[in-house]
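Reader: Got a minute to walk me through this one? I'd like to see the structure first.

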Amino acid sequence: MTTLDDLPIRDDLRGRTPYGAPQLDVPVRLNTNENSYPVPEPVVEAIGKAVAAELRDLNRYPDRDAVALRADLAAYLGHGLTADHVWAANGSNEIQQQLLQAFGGPGRTALGFTPAYSMHPLLALGTGTRWVPARRGEDFGLTAGEAVAQVREHRPDVVFLCSPNNPTGTALDPAVVAAVLDEAPGVVIVDEAYAEFARPGTVSALAVLPGHPRLVVTRTMSKAFGFAGGRLGYLAADPAVVDAVQLVRLPYHLSALTQAAARAALAHRDALLGTVAAIMQQRDRIVAELRARGHRVADSDANFVLFAVEGDQAVAWRTLLDAGVLVRDVGLPGWLRVTAGTPTETDAFLTAMETVS
Ligand SMILES: Cc1ncc(COP(=O)(O)O)c(C=O)c1O
């Protein structure tokens, strides 16, 4: 049988395994920060109608520039943004891949502050961009001084900031974004996949887009909108950045069905985003309860919580799985991450945690 090793694969891909959280069939799945609430029935119907209306024309390619969808996304974001400032793709993963294709690549570097979203280095690898793992400070925090010193040392072509940060959950101080923008010689990507869950008073980097043509804010409909299966991510930036990603995007990358479904979902955003407050409540409940039980817990502005366990986190992960609750071992010694879902899921998780110290 032929194996990967027999193939003339790129040297830098040899010995690698594909990215992927376990997709296990367990009663309580709290490991990939999805929205636990199913799509409400009226929205199911609206998406169904919108998709059905496209079917006869599937003999034709879709709008390559997805202009109507981009206008809808811009209207949702506000901040005076228009379709020209927005670009959409199959998930924010694809958006970030396109950004690295345009601004990274062979001979170039991308820097991120670990621990952060584990796809950032993998997207760098896939695009031949050298990855620089910069460090976060005490308790996974990041100050402007710590960030700027590392950007100054490495002079990367692309900087990834993640706010709220995955897996720690905490939003960045806007002063960090401002300081990195001042210092970075290249593009600064602020990954705001979880922005809608941030605690009141948290400032989005969207607010500083004017006057910063090298700033890119990436967002997704996978989390707050509960549209992970629909695959729709997007960016907001200076229109010149949108011109840049159009040089590398595949033609017709966003199917007519995806565009129609996403537009219908956006038209029903009040119903879809109606779950956010309930999820934030469960998030705050998990933080408070675990702290009351003596666990160290990172502050969370997202729909998940990073918490410490005693001893080997892989053992605690297995104990929770045996109790029917799947959480995420992100490879941080002594820490696990749990998604905040429905009250029933929180009950199951907190009950299972009684067997974990
Ligand atoms: C920080 C962060 N960015 C981006 C993504 C990817 O989201 P999408 O489904 O839009 O590709 C995730 C998904 O977990 C994430 O945690």
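Author: Here is a short tour of an annotated residue, the pockets and cavities, and some backbone details.

Reader: What kind of model is this?

Author: It is a predicted model.

Reader: OK. Which residue carries the UniProt modified-residue annotation?

Author: Lys-223. The UniProt record, an unreviewed entry, labels it "modified residue: N6-(pyridoxal phosphate)lysine".

Reader: Where does Lys-223 sit?

Author: Lys-223 is in the loop between β7 (215–220) and β8 (233–237).

Reader: Buried or exposed?

Author: Lys-223 counts as buried because its relative accessible area is 14%, and the cut-off for buried is under 20%.

Reader: What does Lys-223 touch, leaving out residues up to four places away in sequence?

Author: Thr-32, Asn-33, Asn-35, Ala-193, Tyr-194 and Phe-197.

Reader: And which side chain makes a polar contact with the Lys-223 side chain?

Author: The side chain of Tyr-194 does, at 3.4 Å.

Reader: Switching to pockets. What volume does the largest pocket have?

Author: About 940 Å³. Its lining counts 41 residues.

Reader: Which of those lie nearest the centre?

Author: Tyr-19, Thr-32, Tyr-117, Lys-223 and Arg-328. So the annotated lysine turns up here again, among the residues nearest the centre. Thr-32 is also one of the contacts of Lys-223.

Reader: Which elements give two or more residues to the lining of the largest pocket?

Author: α3 (92–103) and α4 (119–126). Helix α3 gives the most, with three residues.

Reader: How do the lining residues of the largest pocket divide by class?

Author: There are 17 nonpolar, 16 polar and eight charged residues.

Reader: Now closed spaces. How many cavities of 30 Å³ or more are there?

Author: Two, from a search of the whole structure. The largest cavity holds about 50 Å³, and the second largest about 30 Å³.

Reader: What lines the largest cavity?

Author: Asn-35, Tyr-37, Pro-38, Val-39, Pro-40, Phe-225, Gly-226, Ala-271, Leu-272 and Thr-275. Asn-35 is also a contact of Lys-223. By class, that lining has seven nonpolar, three polar and no charged residues.

Reader: And the second largest cavity, what lines that?

Author: Phe-113, Ala-116, Arg-136, Leu-142, Phe-160, Leu-161, Cys-162 and Asn-165. Strand β5 (residues 158–162) gives the most, with three residues. The classes are six nonpolar, one polar and one charged.

Reader: Backbone next. Which peptide bonds are cis?

Author: Thr-114 to Pro-115 is cis, with omega near 0°. Ser-163 to Pro-164 is cis as well, with omega about -5°.

Reader: Where are those two prolines?

Author: Pro-115 lies in the loop between β3 (109–114) and α4. Pro-164 is in the loop between β5 and α6 (174–183).

Reader: Why mention such bonds, or a positive phi?

Author: Because most peptide bonds are trans, and most residues other than glycine have a negative phi.

Reader: Which residues have a positive phi without being glycine?

Author: Ala-66 is one, with phi about 45°. Asp-139 is another, with phi near 55°.

Reader: Where are they?

Author: Ala-66 is in the loop between α1 (41–55) and α2 (67–77). Asp-139 is in the loop between β4 (130–135) and α5 (144–154).

Reader: Ala-66 first: buried or exposed?

Author: Ala-66 is buried, at 3% relative accessible area.

Reader: And Asp-139, buried or exposed?

Author: Asp-139 counts as exposed because its relative accessibility is 57%, and exposed means over 50%.

Conventions:
Residues are numbered from 1 along each chain as its sequence is written. This is a predicted model: local features need pLDDT of at least 70, side-chain atom pairs count only at pLDDT 80 or more; totals for chains, interfaces and linings use all residues. Side-chain values use heavy atoms; hydrogens and water are left out. UniProt positions are given in the numbering used here, feature names are shortened, and annotations may be inferred rather than shown by experiment. Helices (H or I, at least four residues) and strands (E, at least two) are DSSP runs, numbered from the N terminus. Buried means under 20% relative accessible area, exposed over 50%, partly exposed in between (1.4 Å probe, protein chains only). Contact means heavy atoms within 4.5 Å. A polar contact is a pair of N or O atoms within 3.5 Å; within protein, one must be able to donate a hydrogen and the other to accept it, and residues adjacent in sequence count only if both atoms are side-chain atoms. On a 1 Å grid over the protein atoms alone, a cavity is a set of points where a 1.4 Å probe fits but cannot get out, and a pocket is an open set with protein on both sides within 12 Å along at least five of seven lines; lining residues have an atom within 4 Å of a point. Grid points are joined across faces, edges and corners, and a volume is the space filled by probe spheres set on the points. Ala, Val, Leu, Ile, Met, Phe, Trp, Tyr, Cys and Pro count as nonpolar, Asp, Glu, Lys and Arg as charged, and the others, Gly among them, as polar.
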